[in-house]
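User: Please take a close look at the contacts that one chain makes with its neighbours, with the charged pairs as the starting point. Which pairings and which elements should I look at on the screen?

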Amino acid sequence: MYVLLLLFWIILNGKITVEIFAFGVVFAAAIFWFMCKFLDYSPKYELCVAKNIIWILTYFVVLIIEIFKSAIAVYKRVYSRKIEIQPQMVFFDVDIESEFLRFVLANSITLTPGTITVDVDGNHFCVHALDYTLAEGIEDSVFIKMLKIMEGNCCG
Amino acid sequence: MIRLILSALFIFAGVNVIITALVGNYRFSYVLNRMQVGATADTMGAILILVGLIIKVGINMISIKMIIMIIFFWVASPVCSHFLARTEAIANEDILDECEVVRHDNI
Amino acid sequence: MAEMIYNGFVVVMLIVLALVVFGYFIRTILGPHFSDRLLAVNSISTVVMLFICFIAVMQGENYIIDIALIYAVLGFVSVIILCKAYLRSHHKEKANDLKNLKDKVNEVKGEAE
């Protein structure tokens, strides 16, 4: 994380000189301390990421494939006059403990065209779908299975 | 040469996505349905266009900053549309006329 | 030669994007609800940000991308602040969750049964 912050600083500056590098080291350290102190971040998450790296990459690939699949489904509904849409709002529960992973799940549901997370209240999700076919099987989608595996890896 | 054609293809696809979002914006009659296509434009359209531009410029500082922008969009734009949807769901009294509600949870 | 055709293509795409911004602008004026307008504003900020990216690549300047980044952050923050302010000022009594909607759903279900 520290390295990422330093890299971010250098990229924003646009070039590498000794001065910029020295300031970057100081500022990145300050922000890293701030994150540990106030934002509940700790270096053990990095271990978690390192353990799950294969699953995270697979997750991204699956996410992109899902986005393209449902984008095509949405575009059919936009351009054809015959299909009548039936919007639907689904409430469902998810048994994922970690706050961050729930955030990732809500984000990926919203990133997929056709579904939007309206509300997250603890374990209860509320999802709005453009059509009822797009909301089918959302309670046990691929994302949830993969996130559960990641969580299991982390705690174990 | 091939790089230019590839980049043009990506940009064309992205602009198409954004036009589709506009068409959907006028075709659907309710906000939450419009939001679906709008969110698509935010994520897919922006990312396709940025990837096209990255292919055009090659790897230098501009493209690295664009990659940062793509990451920012993937994190921020869902949050944005989530907030809009929640505002609508809280504020609208007659939301049940617009969409049917299904509950799979047990409260 | 190829470079020139590409530049012409980019200009055409910029004109199309400008028309899209105009379409969203009409939606901002028409929008029956508050959230309609906000959605249009959000989309406009995205498209304008893409504009700035195009310009940065055409000029080959480094710092214009920073402007686009800041524009994206500002659009994001402004939409969220406006949403919060709207909920605070118009729907103070409804708390901050979907309790309202859930109650309504339960009512409808009870009637059906």
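Analyst: **Salt bridges and the contacts of chain B**

A search of the whole structure finds 3 salt bridges over all chains, where a salt bridge is a side-chain nitrogen of Lys or Arg within 4 Å of a carboxyl oxygen of Asp or Glu. This is a predicted model, in which local features need pLDDT of at least 70 and side-chain atom pairs count only at pLDDT 80 or more, while totals for chains, interfaces and linings use all residues. Residues are numbered from 1 along each chain as its sequence is written, chains are lettered from A and ligands numbered from 1 in the order in which they are written, and side-chain values use heavy atoms, leaving out hydrogens and water.

Between chain B and chain C, the count is 2 salt bridges, including one in which the side chains of Lys65(B) and Asp66(C) meet at 3.1 Å, N to O. In general, side chains of opposite charge can pair when their charged atoms come close. Chain B and chain C also have 4 residue pairs in polar contact, both residues being at pLDDT 80 or more; a polar contact is a pair of N or O atoms within 3.5 Å, where within protein one must be able to donate a hydrogen and the other to accept it, and residues adjacent in sequence count only if both atoms are side-chain atoms.

On the side of chain B that touches chain C, at least two residues each come from α1, α2 (31-57), α3 (61-91), α4 and β1 (100-103) of chain B, with helices (H or I, at least four residues) and strands (E, at least two) being DSSP runs numbered from the N terminus. Of these elements, α3(B) gives the most to that side, with 18 residues. Sorted by class, the side of chain B that touches chain C has 36 nonpolar, 4 polar and 9 charged residues; here Ala, Val, Leu, Ile, Met, Phe, Trp, Tyr, Cys and Pro count as nonpolar, Asp, Glu, Lys and Arg as charged, and the others, Gly among them, as polar.

This contact takes 49 residues from chain B and 55 residues from chain C, contact meaning heavy atoms within 4.5 Å. The area buried between chain B and chain C is about 5100 Å², of which carbon and sulfur atoms give 74%; buried area is the accessible area (1.4 Å probe) that two parts lose on being put together, summed over both.

Turning to the other neighbour, the contact takes 42 residues from chain A and 38 residues from chain B, and the buried area is about 3600 Å², with carbon and sulfur atoms giving 69%. Across the interface of chain A and chain B the rule finds 0 salt bridges, although 3 residue pairs are in polar contact there. The elements of chain A that each supply at least two residues of the side touching chain B are α1 (2-13), α4 (53-79), β1 (88-93), α5 (99-111), β2 (115-121) and β3 (124-129), and α4(A) gives the most, with 11 residues.

A salt bridge within chain A joins the side chains of Glu66(A) and Lys69(A) at 3.6 Å, N to O; because these two residues are 3 residues apart in helix α4 of chain A, they are separated by about one helical turn.

As for confidence, chain B averages a pLDDT of 80, with 87% of the residues scoring at least 70, where pLDDT is the predictor's confidence in each residue, from 0 to 100. Among the elements of chain B, helix α4 (residues 95-98) has the lowest mean pLDDT (66) and helix α1 (residues 2-27) the highest (85). The model scores ipTM 0.82 and pTM 0.82.
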